Amino acid sequence: MPALVLLGAQWGDEGKGKATDLLGGSVDYVVRYQGGNNAGHTVVVGDQKYALHLLPSGILSPSCTPVIGNGVVVDPSVLLSELSGLNERGVDTSKLLISGNAHIITPYHVSMDKVAERFLGKRKIGTTGRGIGPTYADKINRVGIRVQDLYDESILTQKVEAALDVKNQMLTKLYNRRAIAADQVVEELLGYAEQLKPYVADTVLVLNQALEDDKVVLFEGGQGTLLDIDHGTYPFVTSSNPTAGGACTGAGVGPTKISRVIGILKAYTTRVGAGPFPTELFDADGEALRRIGGERGVTTGRDRRCGWFDAVIARYATRVNGLTDFFLTKLDVLTGWEEIPVCVAYEIDGKRVEELPYSQTDFHHAKPIYETLPGWSEDITKAKSFSDLPKNAQNYVKALEEMSGAPISAIGVGPGRDETIEINSFL
Ligand code: GDP
Ligand code: IMO
Ligand code: MG
């Protein structure tokens, strides 16, 4: 059985955690391939609610092996506290595997993230402040620290000293902050080494062998397509590739192994942090979506910006990820609106544009062109099949499917595992 990728089709927080958890019981491995603890994935199992940041959502399925791939950036203190939090709640985390090639978020990366944002002032990106960008910058600059470096004190010391040589100049001279002592960082990092050791593995080998043995591997993206460093709304993006190609580089698995790419798509749109968002609402509807949808960040507690569904973005996500399916989430949140506007195209400088413009300037000028679909008032949270949905809800889903370019194979009608309508099986 080949591999599947599950990723966000919008600006993150589409409900990836719930969708991954739902499939977790039927797959052998769930692999995070990029991002770090900027992610916040909420999973509801029965009356228990879990907020996961760094751990793959498969951690809650006992039969599944959770893997943190080489493309992830790992804050060891966050990882260890997430593990102990789950252990206290009776979740067995002993099967976790962490790539020795994953890069480590150190305290200086977190400091650099925060001061860089402060320095940008009004032009700030609104990062999660978790050190994600500076850690990926060091990786690309070849001055990063990897998980495997924790097991060679001399190499670790050399690398931390080299990285801090430059950073301390920046912190003290540019940002007017105190220098960070290399020996303290080394000591802190070495303090995590023994606790992490049982989990560290050659995950590329493990995953490729698993695929050869016909095991099912699910790659779980963090963030979303429009937050991708290459394909998102740059510079208002994260510093990794949540899009499908990121699964290959971030886990060391060839594209020929991947047979299905599932885009998680919210029935409306949200975004956290700065950057363009054509369908954003500043009125009572936006407020209602936020309230009914519980649109508050799992990681930073920030209110999410809310707006109507944007089919231009969904089509774009289909294209850049080669999506085979959509998992439409939070349809229940739209219950009660008499009419629901859906953005079908943009108006840019007086012209109708059907596809996402590559130009940042054009996208900033994009005004949504709406079509209005009739709403429904019946409670849909108990619906188990497509035919259980009211006609207008069925039509809303069908319209979105037609506009978005890939079949909608599942529909979320509530946060729980069983509050899902399965249309086509993913496995
Ligand atoms: P992720 O980052 O993509 O995993 O998404 P988040 O967990 O940050 O945000 C999605 C929120 O919506 C979480 O609170 C989920 O429990 C919740 N959720 C997921 N699917 C559904 C759904 O179909 N209906 C409702 N009402 N809530 C959902
Ligand atoms: P999940 O996995 C929504 C946003 C931040 C900011 C930008 C850059 O829960 O969908 P970063 O800290 O990554 O450098 O911030 O990206 N962002 C997210 N928005 N969901 C996420 O993750 C996000 N992770 C980062 O708000 O705008
Ligand atoms: Mg989230």
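Twenty residues surround ligand 2 in this predicted model. Among these 20 residues, Asp 13, Lys 16, His 41, Thr 128 and Thr 238 come nearest. Ligand 2 sits in the largest pocket. Look for its polar partners there. The side chain of Thr 128 has an N or O atom 2.6 Å from an oxygen atom of ligand 2. Arg 302 also takes part: a polar atom of its side chain lies 2.9 Å from an oxygen atom of the ligand. Gly 40 uses its backbone instead, with an N or O atom 2.9 Å from an oxygen atom of ligand 2. How much of the accessible area of ligand 2 does the protein cover? On its own, ligand 2 has 550 Å² of accessible area, and the protein covers 98% of it.

Now turn to ligand 1. The space it takes is the second largest pocket. Around ligand 1 stand 19 residues. Lys 16, Gly 17, Gly 40, Thr 42 and Asp 332 come nearest. Two names return from the account of ligand 2. Lys 16 is among the nearest residues to ligand 2, and Lys 16 is among the nearest to ligand 1 as well. Gly 40 is one of the nearest residues to ligand 1, and the backbone of Gly 40 has an atom 2.9 Å from an oxygen of ligand 2.

Which elements supply at least two residues each to the shell around ligand 1? Helix 1 (16–24) and strand 3 (41–45) do. Helix 1 gives the largest share, three residues.

The polar partners of ligand 1 come next. Asp 13 has a side-chain N or O atom 3.0 Å from an oxygen atom of ligand 1. Arg 304 places a polar side-chain atom 2.9 Å from an oxygen atom of this ligand. Gly 414 works through its backbone: an N or O atom there lies 3.2 Å from a nitrogen atom of ligand 1. Taken alone, ligand 1 exposes 580 Å², of which the protein buries 92%.

Stay with Asp 13 for a moment. Asp 13 lies in the loop between strand 1 and helix 1. Its side chain contacts ligand 1, and Asp 13 is also one of the residues that come nearest to ligand 2. Its backbone deserves a look too. Most residues other than glycine have a negative phi. Asp 13 has a positive phi, near 60°.

Follow the chain back from that loop to strand 1, and the sheet comes into view. It is an open sheet of 10 strands with mixed pairing. The order is 9-7-5-2-10-1-11-15-19-20. Why do strand 9 and strand 20 each have one side without a neighbour in the sheet? Strand 9 (200–201) and strand 20 (420–422) stand at the edges, and each has a single partner strand, so one side of each is left without a neighbour.

Strand 10 sits between strands 2 and 1 in the order. Strands of a sheet pair through backbone hydrogen bonds, either parallel or antiparallel. With strand 1 (residues 3–8), strand 10 (residues 217–220) pairs in the parallel sense over four bridges. Val 5 has Phe 219 as its bridge partner, and Leu 6 has Glu 220. Strand 2 (residues 29–32) is also joined to strand 10 by four bridges, and these two run parallel. There, Val 30 stands opposite Leu 218.

Where do the side chains of strand 10 point? Val 217 and Phe 219 point one way, Leu 218 and Glu 220 the other. All four are buried.

Loops flank strand 10. Ahead of it, between helix 7 (203–212) and strand 10, lies Asp 214. Asp 214 has a positive phi of about 65°, although it is not a glycine. Is Asp 214 buried or exposed? It is exposed, with a relative accessible area of 55%.

Beyond strand 10 comes the loop that leads to helix 8 (245–251), and Thr 225 is found there. Thr 225 is buried, with a relative accessible area of 0%. Its side chain reaches the backbone oxygen of Gly 8 at 2.8 Å. Gly 8 falls within the residues of strand 1.

Pro 235 is found in that loop between strand 10 and helix 8 too. Most peptide bonds are trans. The bond that joins Tyr 234 and Pro 235 is cis, with omega about 5°.

Technical notes. Residues numbered from 1 in each chain as written. Chains lettered and ligands numbered in written order. Predicted model: local features only at pLDDT ≥ 70, side-chain atom pairs only at ≥ 80, totals over all residues. Heavy atoms only, no water. Pairing = 2+ DSSP bridges. Buried < 20%, exposed > 50% of the residue type's maximum accessible area, 1.4 Å probe, protein only. Near = heavy atom within 4 Å. Polar contact = N/O pair within 3.5 Å; in protein donor to acceptor, adjacent residues only side chain to side chain. Areas by Shrake-Rupley, 256 points an atom, 1.4 Å probe, with all protein chains shown as cover. 1 Å grid on protein atoms, 1.4 Å probe; cavity = no way out; pocket = protein on both sides within 12 Å on 5 of 7 lines; lining within 4 Å. Sits in = over half its atoms within 2 Å of the grid points.
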